[in-house]
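Subject: Structure for you to look over

Dear colleague,

Here is the structure I promised to pass on, with the sequence alongside. My notes on what was found follow below it.

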Amino acid sequence: MTSVDRPAAAPDPHPVPPAEHAARQEAWPAGVAYPAVEPDRFTRLVLRLHARAPRWAVPLAALGCVGLGMAYALLSDPTHSDPDARPTCLLKLTTGLDCPGCGGTRALWYVLHADLPAAARHHFLFVFSLPFLAWLFVSWAGNRAFGWRLPELRISPKVIGGFLALWLAFSVARNLPWAPFTSLYV
């Protein structure tokens, strides 16, 4: 089947503004032409679903995923496990070390029960980042679903790199066996 035999593609429900499109075109090297790639059946299905989906479908799906994670934390109650139970984290099971996300599910459980000191005890950086993540989601979902123009949180690559470096340092410090660091052990 050639591209001539195929029905015309549906218009993009979220078109790129002309100024942004021109800026994207300038980023490509001049004189380089890439052949158009024929999408496979699955890609065509996804594109058709995307074209027909309402604007609020993606934010609702993301909210559903977050809701499932919260439901898992509430139903599993990670704070009550046997003292001699084997760890479920593969890194902890094989090395005995706490991974960078270790304590995150327990911290979420405590946040959902409004016990912020206990949540911070299990994973301080998770609790610290929750308001920022919540605002990023609300501003993105509000813009995507309803066209709201909320102030966006602009995070530079340096800030993201600094946060990741802090998370790495926290992950190393919580595994050190000396006096001030043993309080970070979960």
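Leaving aside its neighbours within four places in sequence, Tyr110 is in contact with Thr79, Asp115, Ala118, Ala119 and His122, where contact means heavy atoms within 4.5 Å. Please bear in mind that this is a predicted model, in which local features need pLDDT of at least 70 and side-chain atom pairs count only at pLDDT 80 or more, while totals for chains, interfaces and linings use all residues. Residues are numbered from 1 along each chain as its sequence is written, and side-chain values use heavy atoms, with hydrogens and water left out.

Tyr110 also belongs to the largest nonpolar core, which has 6 residues and is completed by Ala107, Trp109, Ala118, Ala119 and Val127. Such a core is a set of buried Ala, Val, Leu, Ile, Met, Phe, Trp, Tyr and Cys residues joined through side-chain atoms within 4.5 Å, and buried means under 20% relative accessible area, exposed over 50%, and partly exposed in between (1.4 Å probe, protein chains only). Helix 5 (104-112) and helix 6 are the elements that give two or more residues to this core, and the largest share, 3 residues, comes from helix 5. Helices here are DSSP runs (H or I, at least four residues), numbered from the N terminus.

Leu116 is found in helix 6, which covers residues 116-122. Once neighbours within four places in sequence are set aside, Leu116 is in contact with Val111 and Val127; Leu116 and Val127 are 11 residues apart in sequence and 7.7 Å apart in space, C-alpha to C-alpha.

Turning to the surface, a nonpolar patch of about 1,000 Å² is made by a set of residues including Phe124, Phe128, Trp135, Leu136, Ile155 and Leu164. Patches are made of residues with over 30% relative accessible area and no salt bridge, nonpolar side chains (Val, Leu, Ile, Met, Phe, Trp, Tyr) being joined within 5 Å. Helix 7 (124-146) and helix 8 (157-173) each give two or more residues to the patch, and the largest share, 7 residues, comes from helix 7. Leu136 is found in helix 7 and counts as partly exposed because its relative accessible area is 31%.

Finally, the count comes to 1 salt bridge, defined as a side-chain nitrogen of Lys or Arg within 4 Å of a carboxyl oxygen of Asp or Glu. Glu152 forms a salt bridge with Arg154, with the closest N and O atoms 3.5 Å apart. Glu152 is partly exposed at 45% relative accessible area, whereas Arg154, at 72%, counts as exposed.

With best wishes

Terms used
Patches are made of residues with over 30% relative accessible area and no salt bridge: like charges are joined within 9 Å, nonpolar side chains (Val, Leu, Ile, Met, Phe, Trp, Tyr) within 5 Å. Accessible areas come from the Shrake-Rupley method with a 1.4 Å probe; for residues, only the protein chains shown count as cover.
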